[in-house]
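Hello,

Here is the structure I promised to pass on. Please have a look at it first, and then read on for my notes.

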Amino acid sequence: MSDRTINQQPHTPHQQSHGEQGAHAPHTHGHGSEPDDFAVQIADSVESFVLAVTEVAKGDEPGSAVSLLLLEVSQLLLAGGRLGAIEDVVPEDRFEPDAGPEPDGEQLRERLAELLAPIDVYHEVFDPYGPPEKPNAFRISDDLAGVVSELQHGLTHYREGRVSEALWWWQFSYLSNWGTTCTAVLRALQSLIAHVRLDSPIGAVPDGADTDDDGLTDEQLEQQAGDLMAAELGLGR
């Protein structure tokens, strides 16, 4: 059982005190209460995303991976938007019950990285309202594995009957972390499909980007990325 602490680092799990989340009127669920329609719908969306990403990562249908991920991330962001639009969820307890050991997401991350290479690395500005900054390099595989881990944390609470705890976690982590992460991933996935559909060449990876040096030149990476997307969408190049 641990207290909440504020952590504002991007792309990492966050926790904070229930009483520190906001000044709006609370959205509460009592201990042992049955989940209402809203909670059930959010939980269904979360579980659907976790299951879908896990299935995509198996690599059984590599030709539809990017398209399926685009759909799943879009649908999850709809659930996130609903969480962001409601009043703050404030459970009765200040301390978060122990949810047990965190699931190991390394295998999922590795499978996604293998499946999405060489289009895994993308670039994004973290805060569009912050001071001007250079785009940072991220990996779709890292981001999706991290989002799945955060969502599973809330699912553990939900499945054990701690509905308000699950909703609080999903709402807070959406606002502080996975909402931004999924928005960035969605932009990357949409951009990949748009490049191919509009017959627009995919730009070479900028110098210094983290691509896990595999001996390929920027031109070769560009060609591979374009060929992969063209094959997925059934388009000739």
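Asp120 and Arg139 are both buried. They form a salt bridge with each other, and their closest N and O atoms are 3.4 Å apart. Asp120 sits in the loop between α3 and β1, whereas Arg139 belongs to strand β2, so this pair ties together parts that are 19 residues apart in sequence. Please bear in mind that this is a predicted model.

How many salt bridges does the structure hold? There are 7. As a reminder, side chains of opposite charge can pair when their charged atoms come close.

Another one links Arg187 to Glu124, with the closest N and O atoms 3.3 Å apart. Arg187 is in helix α5 and Glu124 is in strand β1, so here the parts being tied together are 63 residues apart in sequence. Are these two partners buried or exposed? Arg187 counts as exposed, since its relative accessibility is 52% and the cut-off is over 50%. Glu124, in contrast, is buried, with a relative accessible area of 15%.

Salt bridges with shared partners also join Glu106, Arg109 and Asp142 into one network. Within that network, Glu106 and Arg109 form a salt bridge whose closest N and O atoms are 2.8 Å apart. Both residues lie in helix α3 (residues 106-116), 3 residues apart, which is about one turn of the helix. Glu106 is partly exposed at 33% relative accessibility, and Arg109 is partly exposed too, with a relative accessible area of 25%.

Now for helix α5, the home of Arg187. This helix covers residues 163-197, which makes 35 residues. A straight helix would reach 51 Å at 1.5 Å a residue, but the end C-alpha atoms of α5 are only 43 Å apart. Where is the kink in α5 centred? On Tyr174, with an angle of about 70°. As for its surroundings, 25 of the 35 residues of α5 are buried, so the helix is largely enclosed by the rest of the structure. Just after α5 comes one more detail to look at: Asp199 takes a positive phi of about 55°.

If you open the model in a viewer, you could begin with Tyr174, where the kink in α5 is centred, and then go on to Arg187 and its salt bridge with Glu124.

Happy browsing, and do write back with any questions.

Best wishes

How values were computed:
Residues numbered from 1 in each chain as written. Predicted model: local features only at pLDDT ≥ 70, side-chain atom pairs only at ≥ 80, totals over all residues. Heavy atoms only, no water. Helix = DSSP H or I, 4+ residues; strand = E, 2+ residues; numbered from the N terminus. Expected span 1.5 Å × (residues − 1). Bend = angle between axes of the 7 residues up to and from the residue. Buried < 20%, exposed > 50% of the residue type's maximum accessible area, 1.4 Å probe, protein only. Salt bridge = Lys/Arg side-chain N within 4 Å of Asp/Glu carboxyl O.
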